[in-house]
Amino acid sequence: MNIYKELKTYFGYDTFKEGQEKLVTGILAGKDVLGIMPTGGGKSLCYQLPAVMLEGVTIVISPLISLMKDQVDSLNEIGINATCINSTLDQEELMERIKEIKENQYKILFVAPERLNTNIFRNTIRHITVSFVAIDEAHCISQWGHDFRPSYIEIPKFIKGFANRPMVAAFTATATKEIIIEIKKLIELQKPIEITTGFDRPNLFYQVSKAGNKFTYLMSYLKENFQSETGIIYCSTRKTVESLVKKLKEKGFSVEGYHGGMNADIRMKNQEDFMYNRTRIIVATNAFGMGIDKPDVRFVIHYNMPKNMEAYYQEAGRGGRDGEKSQCILMYSPSDVVKQKLIMENEYSSPERQALQYKNLQYLIDFCHTNDCLRNKILTYFGEVIIEEDCGNCSNCLDRSEMIDITLEAQKVLSCIYRIDQRYGVNIVTQVLRGSKNKKILQLGLDKVSTYNIMKNYSEQGVREIIMTLVARGYIHVTTDKFPVLKLTAQCREILQGDVKIHHKKELVEAIGSKDEKERKSKKAVSDHFDEELLSQLKELR
Ligand code: ADP
Ligand code: MG
Ligand code: ZN
């Protein structure tokens with residue numbers, strides 16, 4: 001049999017996408033395979049084509065009912081008999097399906113992982129020849145991934161239950177090395193043919209935005225760029241989803257929400273309205289995602305920062321599956337980082353795992369601060385070797401916009417925290433720096449400290465922004481007390497000594513609202529040792 005001929009006959013394609021041919025021939029040769037390809041890379045075809053070419057029935061394990069349904073429908077459309085077994089079937093339907101399966105009416109059988117080891121399913125497949133077992137979204141077996149499904153643990157047990165082990169083909173869009181290693185180990189792949197295709201998505205434009213007011217930015221961004229196209233806006237919490245949907249509706253946008261706390265019917269309706277272009281924008285938590293196969297998503301905006309690069313890459317990757325241009329905007333705000341860190345601190349997890357979480361978050365923070373090519377920064381994370389320094393399709397490459405040195409501002413903030421004995425939180429520190437005449441400040445005698453009123457020309461939001469930036473970058477630690485207190489870390493020294501300069505996009509500094517343009521210009525003279533006493537204290541710490 002000629003694979004090109006079958007490719008054309010069933011799927012109508014003349015050529016394979018990168019990686020597909022090797023995976024297809026691997027399966028046809030009876031080998032285990034592991035296909036690692038980005039979203040939109042064409043993983044489904046890698047098991048669908050061998051399924052029609054091999055004798056017997058292919059079992060496809062898939063984590064989501066909606067995913068199965070879409071695939072079953074499109075396979076049936078092209079004349080390949082497929083069906084699924086999952087919790088949506090009632091007893092009668094299930095019995096009917098099973099009868100049909102035993103009669104060999106189907107070529108491809110999609111199964112939810114929690115069904116695999118049920119007696120009824122096991123008994124059914126004893127009556128048929130299984131050509132191979134395909135595992136879609138194989139990273140769901142890893143606890144380290146962002147989509148862990150406990151039911152995936154059933155898979156190895158299921159495979160061991162065969163008298164003659166069938167070959168196993170696993171597929172994932174995960175590119176993280178640790179997760180790949182775990183997938184291979186847990187699924188017990190046997191000498192798999194492993195194919196990893198490039199993870200670059202050249203049609204995606206990446207941008208990090210540091211807008212002071214996110215909502216205003218979002219609105220003008222949508223109005224300017226996307227009058228009628230569809231897109232996804234990711235938020236970190238259900239609450240933010242709800243409030244953003246409300247605000248956007250008030251502004252006349254065609255928008256609905258999606259998150260795990262919603263009534264299942266409404267959630268499904270919102271998803272379908274989005275899929276069929278009845279709603280233009282969907283605002284969602286990370287519950288919205290895996291298997292969303294809408295080809296024409298023109299923008300993916302992260303209203304809050306995700307917890308690591310893997311999650312970011314996957315979510316942003318839902319844009320532009322049709323290969324057309326799509327924009328991925330990450331709206332960075334230091335306070336989101338602080339939130340993420342607090343979540344991680346409060347989650348129960350082993351110290352190693354927590355350390356890894358921090359490290360992964362830090363990579364994404366660095367991504368937000370880098371002046372280098374954003375695409376390269378993403379690909380480097382996944383271990384790809386970068387050849388070109390300038391991709392020409394990310395915000396850093398397009399606009400190597402002027403950065404402004406805010407080292408002096410940073411020094412003032414650090415000094416202030418020190419001068420008030422590292423005993424107060426963001427509010428007090430901000431008020432002291434801005435010379436607030438607030439009763440509490442006066443009562444505490446904080447108007448007497450030497451750093452009182454040294455940032456009088458900055459807006460409150462601006463000072464907070466600088467503080468949060470310093471927290472995000474590890475110069476300030478926020479305690480987890482009921483009233484969180486700002487503490488200096490030993491790392492501050494590099495800023496106070498002037499070894500490390502803190503830079504920020506001009507756009508941010510303008511949002512900060514400093515009127516100290518003159519001071520900024522003459523800063524070189526003052527900035528090197530802003531607070532000698534603090535500096536020597538930190539030196540002693542070492
Ligand atoms: P993945 O599961 O890797 O995210 P899919 O299997 O959903 O990707 O495929 C993504 C898109 O690529 C689909 O629209 C599919 O029809 C298309 N596709 C798959 N293989 C080919 C091919 N050989 N030539 C052209 N298009 C393809
Ligand atoms: Mg897929
Ligand atoms: Zn670039």
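So, Gly435: this glycine follows helix H18 and has a positive phi, near 65 degrees. Keep in mind that we're looking at a predicted model here.

Now step back into H18 itself, residues 426–433. Is this helix mostly covered or mostly open? Mostly covered: six of its eight residues are buried. Those six are Ile428, Val429, Thr430, Gln431, Val432 and Leu433. And what do they pack against? Three helices and a strand: H17, then H19 at 439–443, H20 at 460–472, and strand S16 at 486–488.

Two of those partners, H17 and H20, also meet each other. Their axes come within 10 Å and cross at roughly 85 degrees, which means that the two helices are roughly perpendicular. On the H17 side you'll find Glu409, Ala410 and Val413, and on the H20 side Ile466, Ile467 and Leu470. Sorted by class, that contact comes out as five nonpolar residues, one charged and no polar.

Let me stay with H17 for a moment and turn to the core. The largest nonpolar core holds 143 residues. H17, residues 407–419, gives the largest share of this core, with seven residues. If you want the spots with the most contacts inside the core, click on Ile135, Val168, Ala169, Ala170, Val283 and Leu414. Take Leu414 as an example. Leaving out anything up to four places away in sequence, Leu414 touches Tyr475, Leu488, Cys492, Ile495, Leu496 and Leu534.

How does that fit with the chain overall? We have 542 residues, of which 42% count as buried. The secondary structure adds up to 24 helices and 17 strands. And if you take the contacts with a separation of 6 or more, 74% of them join residues 24 or more positions apart.

Pro38 gives us a nice case of that sort of long reach. This proline sits in the loop between strand S1, at 33–36, and helix H3. Why do we call Pro38 buried? Because it has 22 C-beta neighbours inside 10 Å, and the cut-off for buried is 20 or more. Pro38 and Ala175 are 137 residues apart in sequence, yet their C-alpha atoms are 8.1 Å apart in space. Beyond its sequence neighbours up to four places away, Pro38 touches Ala173, Phe199, Arg201 and Gly317.

Follow the chain from that loop into H3, and we get to ligand 1. How many residues surround the ligand? There are 13, and the closest are Tyr13, Gly41, Gly42, Lys43 and Ser44. Helix H3, residues 43–53, supplies the largest share of that shell, three residues. By class, the shell splits into six polar, four nonpolar and three charged residues.

H3 has a helix partner too, namely H1, residues 3–11. Their axes come within 10 Å, crossing at roughly 105 degrees, so here's another roughly perpendicular pair. From H1 you have Ile3, Glu6, Leu7, Tyr10 and Phe11, and they meet Leu45, Leu49, Val52 and Met53 in H3. That contact has eight nonpolar residues, one charged and no polar.

For a pair with another geometry, go to H13, residues 334–346, and H14, residues 351–369. Their axes lie 11 Å apart at an angle of about 170 degrees, so H13 and H14 are roughly antiparallel. Val337, Gln340 and Met344 from H13 meet Gln354, Gln357, Tyr358, Leu361 and Ile365 from H14. By class, you get five nonpolar residues, three polar and no charged ones. As a reminder, an α-helix has 3.6 residues a turn, so residues three or four places apart point the same way.

Last stop, H12, residues 309–316. Eight of its eight residues are buried, so H12 is largely enclosed by the rest of the structure. The list runs Met309, Glu310, Ala311, Tyr312, Tyr313, Gln314, Glu315 and Ala316, and you'll notice two glutamates and a glutamine in there. What covers them? The cover includes four strands, S8 (204–209), S9 (230–234), S12 (297–302) and S13 (326–331), along with helices H14 and H15 (374–381). So H14, which we just saw against H13, turns up again as part of the cover over H12.

That's my tour. Questions?

Terms used
Residues are numbered from 1 along each chain as its sequence is written. Chains are lettered from A and ligands numbered from 1 in the order in which they are written. This is a predicted model: local features need pLDDT of at least 70, side-chain atom pairs count only at pLDDT 80 or more; totals for chains, interfaces and linings use all residues. A nonpolar core is a set of buried Ala, Val, Leu, Ile, Met, Phe, Trp, Tyr and Cys residues joined through C-beta atoms within 7 Å. A residue is buried if 20 or more other C-beta atoms lie within 10 Å of its own, exposed if 12 or fewer, and partly exposed in between; C-beta atoms are placed from the backbone. Two residues are in contact if their C-beta atoms, placed from the backbone, lie within 7 Å. A residue is near a molecule or strand if its C-beta atom, placed from the backbone, lies within 6 Å of it. Ala, Val, Leu, Ile, Met, Phe, Trp, Tyr, Cys and Pro count as nonpolar, Asp, Glu, Lys and Arg as charged, and the others, Gly among them, as polar. Axes are lines fitted to C-alpha atoms, for helices over the stretch in contact, and angles run from 0 to 180 degrees between N-to-C directions. Angles under 35 degrees count as roughly parallel, over 145 as roughly antiparallel, 65 to 115 as roughly perpendicular and the rest as oblique.
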